[in-house]
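Let's walk through this structure together, one region at a time. Keep the 3D view open and follow along as you read.

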Amino acid sequence: MRLDDRVRLTTDPREAAVALLDGHLAALPTETVYGLGARADLAAAVAQVYSVKGRPADHPLIVHIAGTNALEAWGASIPRYARTLADSTWPGPLTLVVNRTSAAQDFVTGGQNSVALRVSAHPIMSSVLAHLVKLTGNDSIGIAAPSANRFGRVSPTSASHVVSELAHFLSHDDVVLDGGECGVGLESTIIDCTGAHPRLLRPGAITADDVERLTGLECPAGSIVRASGTLARHYQPAATVRIVQAADLRDRRSLPPGAEAPAVGLLAMAGIATPAGVVRLAAPHSADEYARVLYAALREADALRLETIFAVAPEPAGIGAAVIDRLTRAAHNS
Ligand code: TXA
Ligand code: MG
């Protein structure tokens with residue numbers, strides 16, 4: 001049996017919505033990465049998400065909603081700056097953590113008193129939510145969806161990534177909705193909105209500077225317990241990732257430890273040359289492109305059975321900071 005024969009692959013948003021309605025799972029495209037969705041109000045369906053991902057049950061999920069007007073159904077005592085962020089960035093690659101209402105049950109929030117909410121800008125994801133709203137008659141219906149990868153691994157940015165990673169774990173009633181390749185390529189920015197001012201929990205396409213500009217408030221980095229995307233070690237391919245400087249790449253002898261491996265890969269901006277004997281995995285022309293191709297390049301390294309991936313980080317401006325964050329976690333080795 002080919003892997004693809006095990007899963008229901010579709011391009012029809014309604015088919016995914018019907019699967020969700022009935023309590024099954026649907027892997028869904030968003031502009032950031034693919035999510036593995038379940039109805040956020042069905043305990044058994046959400047439990048199945050944790051099981052398929054192999055994720056600890058106390059790690060909270062993001063609830064995807066159809067629009068800003070569902071914010072109040074899930075979030076309580078929402079500060080003004082959070083509403084400003086929702087109004088100015090949704091639909092878009094931003095997740096807001098707010099105090100929860102009773103709609104956000106422990107099985108979604110991992111027992112936390114807050115809930116993470118997001119409105120995706122992907123038209124196919126919007127369409128799934130619009131169908132689900134219609135099918136349930138509930139404007140504020142939510143889809144709980146973590147990234148559609150096994151726990152600790154690289155997030156999927158195409159339906160084929162989802163199929164190759166999760167086919168063994170999905171049931172025949174679950175669906176993988178193919179919406180092409182994700183435009184952003186890195187997970188959403190997460191902002192903690194439970195305090196007097198915003199805090200950056202996970203960097204992404206929308207930067208802390210953007211948040212400060214939009215809200216007029218400082219947005220320092222925050223930290224939370226049990227945020228899987230913020231574990232020091234995360235986003236890891238099978239190959240060992242090592243962050244290097246462009247100067248280390250002058251020739252193969254100047255490469256740092258790891259270069260003696262028979263098969264070595266390189267991720268670096270287009271202007272940086274590839275030393276002889278090294279497999280070039282990506283040569284992006286901008287930080288945006290680096291973000292978009294990063295996860296596919298890490299998967300490619302594993303498909304080629306490379307032992308080591310050298311990565312030269314982009315500049316930290318814009319989404320470059322999020323690329324550096326993910327590379328650092330991918331390279332973490334304790
Ligand atoms: O771009 C994305 O955000 C993708 C797409 C599918 O929406 N989703 C995603 O989900 O990356 P996941 O589960 O892989 O990462 C969600 C992060 C985790 O680090 C989780 O701990 C954090 O959000 N999170 C969820 N609820 C939270 C809460 N109440 N407080 C703090 N962090 C929370
Ligand atoms: Mg994830």
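## A covered helix and the domain contact

A good place to begin is helix H7, which is mostly covered, with six of its eight residues buried. Please keep in mind that you are looking at a predicted model. The buried set in H7 consists of Ala-159, His-161, Val-162, Val-163, Glu-165 and Leu-166. If you look around these side chains, you will find several elements packed against them: the strands E1 (8-10), E2 (26-28), E3 (35-39) and E9 (175-177), together with the helices H2 (43-53) and H9 (287-303).

Now step back a little along the chain, to the loop that runs between strand E8 (143-144) and H7, where you will find Thr-157. Is Thr-157 buried or exposed? Its relative accessible area is 4%, and because the cut-off for buried is under 20%, Thr-157 counts as buried. Its surroundings are easy to trace on your screen. Leaving aside residues up to four places away in sequence, Thr-157 touches Thr-32, Val-33 and Tyr-34, then Gly-180, Glu-181, Cys-182 and Gly-185, and finally Tyr-295 and Ala-296.

Let's zoom out to the whole chain. The domain assignment divides the chain into domain 1, covering 9-215, and domain 2, made up of 240-253 + 260-331. Taken over C-alpha atoms, the centres of domain 1 and domain 2 are 28 Å apart. In the contact between them, domain 1 takes part with 22 residues and domain 2 with 16 residues.

How much area is buried between domain 1 and domain 2? The figure is about 1,300 Å², and carbon and sulfur atoms give 59% of that area. On the domain 1 side, three residues are worth picking out: Val-154, Leu-186 and Pro-203 supply 41% of the area that domain 1 buries against domain 2, more than any other three residues.

There is a polar side to this interface too. Six residue pairs are in polar contact between domain 1 and domain 2, counting pairs with both residues at pLDDT 80 or more. Here our starting helix returns: H7 (residues 159-166) gives the most to the side of domain 1 that touches domain 2, contributing three residues. Sorted by class, that side of domain 1 holds eight nonpolar, 10 polar and four charged residues.

Finally, look for the charged pairs. Two salt bridges are found across the interface of domain 1 and domain 2. For a salt bridge to display, try Arg-326 and Glu-187, whose side chains meet at 2.8 Å, N to O.

Terms used. Residues are numbered from 1 along each chain as its sequence is written. Chains are lettered from A and ligands numbered from 1 in the order in which they are written. This is a predicted model: local features need pLDDT of at least 70, side-chain atom pairs count only at pLDDT 80 or more; totals for chains, interfaces and linings use all residues. Side-chain values use heavy atoms; hydrogens and water are left out. Domain bounds come from an automatic or database domain assignment. Contact means heavy atoms within 4.5 Å. Buried area is the accessible area (1.4 Å probe) that two parts lose on being put together, summed over both. A salt bridge is a side-chain nitrogen of Lys or Arg within 4 Å of a carboxyl oxygen of Asp or Glu. A polar contact is a pair of N or O atoms within 3.5 Å; within protein, one must be able to donate a hydrogen and the other to accept it, and residues adjacent in sequence count only if both atoms are side-chain atoms. Helices (H or I, at least four residues) and strands (E, at least two) are DSSP runs, numbered from the N terminus. Ala, Val, Leu, Ile, Met, Phe, Trp, Tyr, Cys and Pro count as nonpolar, Asp, Glu, Lys and Arg as charged, and the others, Gly among them, as polar. Buried means under 20% relative accessible area, exposed over 50%, partly exposed in between (1.4 Å probe, protein chains only).
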